Amino acid sequence: MTTTHILGFPRIGAHRELKHALESFWRGEDPDATRLQDTGRSLRARHWQAQREAGLAFVTVGDFAWYDHILTLCATLGALPRRFGFDARALTLTQYFALARGNADHPAMDMTKWFDTNYHHLVPEFDEHTRFDGGVTWLLDEVDEAHALGHAVKVALPGPLTLLWLARWDGGATTDRLDLLPRVLAAYQRLLTALQRRGVAWVQVDEPVLCLDLPEAWRAALPASCAALQVEGLKTLLALPFGSAAEHAEALAALPLDGVHLDLVRAPQQLPAWLAAWPRDRVLSLGVVDGRNIWRTDLRRVLTLVREAHAAWGERLWLAPSCSLLHVPVSLAPETRLDPELRSWLAFATEKLDELHLLARALDEGAPAVAEALAQAEAAVAGRRASPRVTHRAVQRRLAQVTVDMAQRGRAFAERAVLQQQALGLPPLPTTTIGSFPQTAAIRQTRAAHRRGELSAMAYLHRIRDEIRLAVREQEALGLDVLVHGEAERNDMVEYFGEQLFGFAFTDHGWVQSYGSRCVKPPILYGDVLRPEPITVETTRYAQSLTERPMKGMLTGPVTLLQWSFVRDDQPREHTALQLALAVRDEVLDLERAGIRLIQIDEPAFREGLPLRRSDWAHYLDWAVRAFKVASCGVRDETQIHTHMCYSEFNDILPAIAALDADVITIETARSAMALLDGFGAFAYPNAIGPGVYDIHSPRVPSVTAMTTLLVRAASVIPSDRLWVNPDCGLKTRGWPETRAALANMVAAARALRARW
Ligand code: GLN
Ligand code: ZN
C-alpha cells in the first residue's frame with residue numbers, strides 16, 4: 001500500500017474559526033480561554049478526521065499553533081526572548097500572545113516572511129543565555145488528543161537548523177547562533193524521546209533551510225543535527241520543502257535518517273539526483289501536489305513522474321503535497337458563487353487530500369481501477385488549457401510585440417528632472433503621502449453596502465467623491481505639495497485592480513493565514529490579463545479637478561499584482577508579469593492623457609519576489625525590472641513616475657532598484673532611523689528618494705524635531721535636491737486625528753529645513 005501524508009494542514013479553519021476565537025479572547029470576551037481552547041480542539045479534530053477519511057496513513061500533529069508555529073516551537077523548547085522574563089514551562093496563553101503581539105512593557109517579537117511564502121513567522125531571539133531547557137507541553141497534549149481519537153500520528157516539527165537560521169542573534173559579536181546548536185539538539189532529543197514514549201512512530205522534521213544557499217559552517221552541522229534526531233523506536237522523515245536540496249542528497253544518504261521528503265513541484269529537476277543517491281531501504285516521500293497553489297493536479301503526469309521511484313522503492317515510496325497546506329484555503333465546498341468551469345480547475349487543501357487518495361489508489365490498484373476519476377482530473381486540466389477564458393489572442397499577440405523601447409524612458413533622469421520641475425514647480429523637499437488615508441468605519445460601510453447591492457452605483461460614486469473631497473481639503477489645509485485622492489474606494493491594493501481586469505477571479509471564503517489571526521484572500525489569476533477599460537482615471541481626474549496642486553495617480557505594479565495572487569502555473573511567471581505590466585501601462589497612459597502629471601506605481605512586493613537561491617536572482621530581477629519598466633516607461637519625460645516599496649533590505653538589490661528608473665522612490669526607513677538609506681548613498685543611487693520620516697504602524701505622533709533630525713540625516717547621504725518628504729507607507733490603518741497631527745509636523749519639518757538650507 002502506498003503511504004500518503006501531508007506536511008501540515010491550514011489551522012485557521014474553513015470559516016476562520018481560529019481567527020474569531022483569538023480575537024474574542026484578545027478582546028477579553030473569553031477570560032478563561034474556554035472558547036479558544038474548544039475552537040482549537042475542534043479544528044484539530046476536524047482536520048485530522050479529514051486526513052483519515054482521505055485514507056492518509058497518519059494524521060499530522062504539530063502543525064497547529066495558536067499564533068505561529070515558530071513561536072510555539074520556541075515555547076516548547078524553552079527558548080523565549082529573555083526580555084519578557086517569562087517561564088516557558090509555565091507559559092500562559094496571555095503570555096504567549098504578549099510575545100507575539102507585544103504588551104505594555106515590551107514590543108512584540110519581530111515578524112518576517114516564512115521563506116518565499118506570504119506567511120509571516122515570528123523571529124526567535126537567541127543569545128548565549130538561551131537555555132532550551134524545556135517549556136510548554138502542548139504538543140504532547142495534542143498527540144494524546146489525536147491518539148484518543150484513534151488516529152495514527154506523525155508529528156511535524158521545524159528542524160533545529162531551520163530554527164537557528166531564522167533566529168536573530170542578540171549575543172556577543174564574537175559568537176554566533178550556530179554555537180547554540182548542541183543545546184538545541186539536546187532539547188530536540190528530549191522532545192523526541194517524550195514523543196516516542198507517547199507512542200509516536202514517525203516524526204517529520206522540516207528543514208527548508210537546506211533549500212537555501214547554506215554557508216559552509218551550516219552544512220558542516222548537518223551530520224550532528226541528523227544524528228541528534230535519532231531516538232530509539234522513533235523514525236525520522238527529513239522534509240525539504242520550497243526548493244531543491246539535490247546538493248545534499250549524497251551527504252544525507254550517509255546519515256542516519258529513515259526518510260526524506262522532496263518538493264517536486266518547486267524543484268522537479270532534483271529527482272534524478274535523489275533516485276541515484278537515496279537508499280532504497282529508506283522512505284522516499286515525493287511532494288507532487290502543489291502545496292502553495294490552488295490548481296487541480298495533473299494526476300496522470302504525476303503518475304508518470306513517480307513511476308521509476310515506485311518501481312524501485314515500492315511501499316517505501318510516499319506521496320504528499322510539496323509543502324504544508326498552510327498556504328492554501330481549506331475547502332472549495334463553500335465557493336458556490338465561483339464560475340463552475342473555473343471551479344472545476346481548482347483544488348484547495350481538502351480537495352488535495354482527495355487527490356492524494358486517488359494517486360495512491362492508482363499506484364496500488366493500477367490506473368484502470370480509478371480510470372473515471374483520473375479521466376475527470378485529466379479533463380479538468382485539459383479543459384483549463386484549452387478554455388477560451390484563459391487565452392486571449394489579442395493579449396498573446398501584444399506580448400509578442402513588446403519592444404525594448406517600451407521599457408525605456410526618453411531622456412535620462414537628470415534631464416527629465418528638469419522638465420518635470422518646470423512642469424510641476426515644486427518647492428525643495430516636496431511633501432507627499434503614499435496614497436491611502438484613514439479607512440474610516442463610514443468608508444468601510446459604504447463599500448460593504450455597495451458590495452451587497454444596497455447602494456446604487458450613482459449613490460456609491462457620490463459617497464466616494466465625498467471622501468475624495470474630504471481628503472483633498474485635509475491635504476490642502478495641511479499644506480502638502482503633492483496630493484493623493486486617498487484610496488477610499490479600495491479594499492485592497494491587489495483585489496481592487498484584479499476585480500477590473502480580465503484573467504482574475506475571486507473566492508468568497510478562500511482565506512489563507514498571513515500571521516496570527518490575520519488572513520488574506522488572494523485573487524486567482526487564471527488567464528491572460530486584459531484591461532477592458534480605464535480603472536482609476538475618472539476618480540483621479542475628479543480628484544485633480546478639486547485642487548490646483550498636482551494630484552498623484554495611484555496604481556499597483558505588475559510584480560505586486562503577481563506576487564500577492566495565486567497565479568497560473570501553465571506559463572512562466574515572467575509572462576504573466578508582462579501581461580500585467582501591459583495592463584498597468586495602458587492605465588498609466590490613460591492617466592497621463594487625463595492630465596495627471598505624477599503617477600505612483602506601488603511595488604511593495606518587489607523584494608519578496610526574490611528566489612531563495614542567489615543563482616536565480618539575476619533572472620528574476622531581470623524580468624521584474626522589465627515588467628515595471630514596461631508598465632511605467634510609456635509616459636512623456638515631463639510625467640513623473642513614482643514607486644513605493646515598504647520592505648527593508650534593499651542593499652543587495654540596489655542595481656535593480658536603480659534600473660527601475662522611477663523618478664522618485666518612496667521607501668520605509670523611519671524604523672531604521674534612516675540607516676536603510678546608507679546603502680543608497682554608498683551605491684550613489686541616481687534618482688530621487690522619499691525616505692519615510694515616520695512609522696505609520698504606530699499611532700504615535702512624531703515631533704517636528706524628530707522628523708527634522710531624520711531629514712538632516714537623510715540629507716547627509718542623498719543630496720537634498722533629490723529628497724522628498726513623506727511617511728513610511730499608506731495611512732489607511734490610522735485615525736484622522738493622529739494622521740493630521742503627524743502630517744502637520746511633517747510639513748513643518750520640511751518647511752523649517754527649506755528655510756535653513
Ligand atoms: N498606495 C498604498 C497605500 O498607501 C501602498 C500600500 C503598500 O505599500 N502596502 O495604502
Ligand atoms: Zn508601503
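**His697**

I started with the "active site" feature, which UniProt, in an unreviewed entry, puts at His697. I'm working on a predicted model here, so I take the annotation as the record's and the geometry as the model's. Where in the fold does His697 lie? I found His697 in the loop between strand S22 (688–691) and helix H27. I then checked burial: His697 has 13 C-beta neighbours inside 10 Å, so I logged it as partly exposed.

**The "binding site" residues**

Next I looked up the "binding site" annotation, also from an unreviewed UniProt entry; the residues covered are His644, Cys646, Glu668 and Cys729. How far apart do they get in space, given a spread of 86 residues of sequence? I noted that they cluster, with 8.6 Å as the largest C-alpha distance.

I took the two cysteines one by one. Cys646 is in the loop between strand S20 (640–645) and helix H25 (654–659). Cys729 sits in another kind of surrounding: the loop between H27 (704–715) and helix H28 (736–756).

Buried or exposed, I asked of Cys729? My entry says buried, because 25 other C-beta atoms lie within 10 Å of Cys729 and the cut-off for buried is 20 or more. Cys646 has 19 such neighbours inside 10 Å, so Cys646 goes down as partly exposed.

Then I listed contacts, skipping residues up to four places away in sequence. Cys646 touches Pro604, Glu668, Asp728 and Cys729. Cys729 is in contact with Ile434, Cys646, Glu668, Gly692 and Ile696. So the two cysteines touch each other, and Glu668 shows up in the list for Cys646 as well as in the one for Cys729.

**Ligand 1**

I pulled the shell around ligand 1 and got 13 residues. Which of them come nearest? I wrote down Ile434, Gly435, Ser436, Pro604 and Gly730. Two of those names were already in my notes: Pro604 as a contact of Cys646, and Ile434 as a contact of Cys729. By class, I count 6 nonpolar, 4 polar and 3 charged residues in the shell.

**The open sheet**

I moved on to the strands. How are the 8 strands of the open sheet ordered? I read off S1-S12-S11-S10-S9-S8-S6-S2, with parallel pairing. The edges are strand S1 (3–4) and strand S2 (59–61), each pairing on one side only.

I walked through part of the order, beginning with strand S9 (residues 235–240), which runs parallel to S10 and is joined to it by 4 bridges. In that pair I noted Leu240 opposite Leu262 of S10. S10 goes on to pair with S11 over 5 bridges, again in the parallel sense; there Val260 stands opposite Leu284 of S11. Strand S11 (residues 283–289) is joined to strand S12 (residues 317–321) by 5 bridges, also parallel, and Leu286 has Leu319 as its bridge partner in S12.

Why did I write "largely enclosed" next to strand S10 (residues 259–263)? Because 4 of its 5 residues are buried.

I also checked what packs over this part of the sheet. Helix H12 (residues 299–313) lies across S11 and S12, and runs at about 175 degrees to S11.

**Arg316**

Arg316 is in the loop between H12 and S12. I had to look at its burial with care: Arg316 has 20 C-beta neighbours inside 10 Å, so it counts as buried, the cut-off being 20 or more. Outside its own stretch of sequence, Arg316 touches Arg282, Val283 and Leu284. Leu284 is the residue I had just seen opposite Val260. I tried one long-range pair too: Arg316 and Leu71 are 245 residues apart in sequence and 33 Å apart in space, C-alpha to C-alpha.

**Positive phi**

Last, I looked at backbone angles. Arg16 has a phi near 55 degrees, positive in a residue other than glycine. I found Arg16 in the loop between S1 and helix H1 (17–26). Ala33 is another non-glycine with a positive phi, about 60 degrees, and Ala33 belongs to the loop between H1 and helix H2 (34–53).

How many C-beta neighbours does Arg16 have inside 10 Å? I got 17, so Arg16 is partly exposed. Ala33 also has 17 inside 10 Å and is partly exposed.

Terms used:
Residues numbered from 1 in each chain as written. Chains lettered and ligands numbered in written order. Predicted model: local features only at pLDDT ≥ 70, side-chain atom pairs only at ≥ 80, totals over all residues. Near = placed C-beta within 6 Å. Nonpolar A, V, L, I, M, F, W, Y, C, P; charged D, E, K, R; others polar. UniProt positions renumbered as here; feature names shortened; annotations may be inferred. Buried ≥ 20, exposed ≤ 12 C-beta atoms within 10 Å, placed from the backbone. Contact = placed C-beta atoms within 7 Å. Pairing = 2+ DSSP bridges. Axes fitted to C-alpha atoms, helices over the stretch in contact; angles between N-to-C directions.
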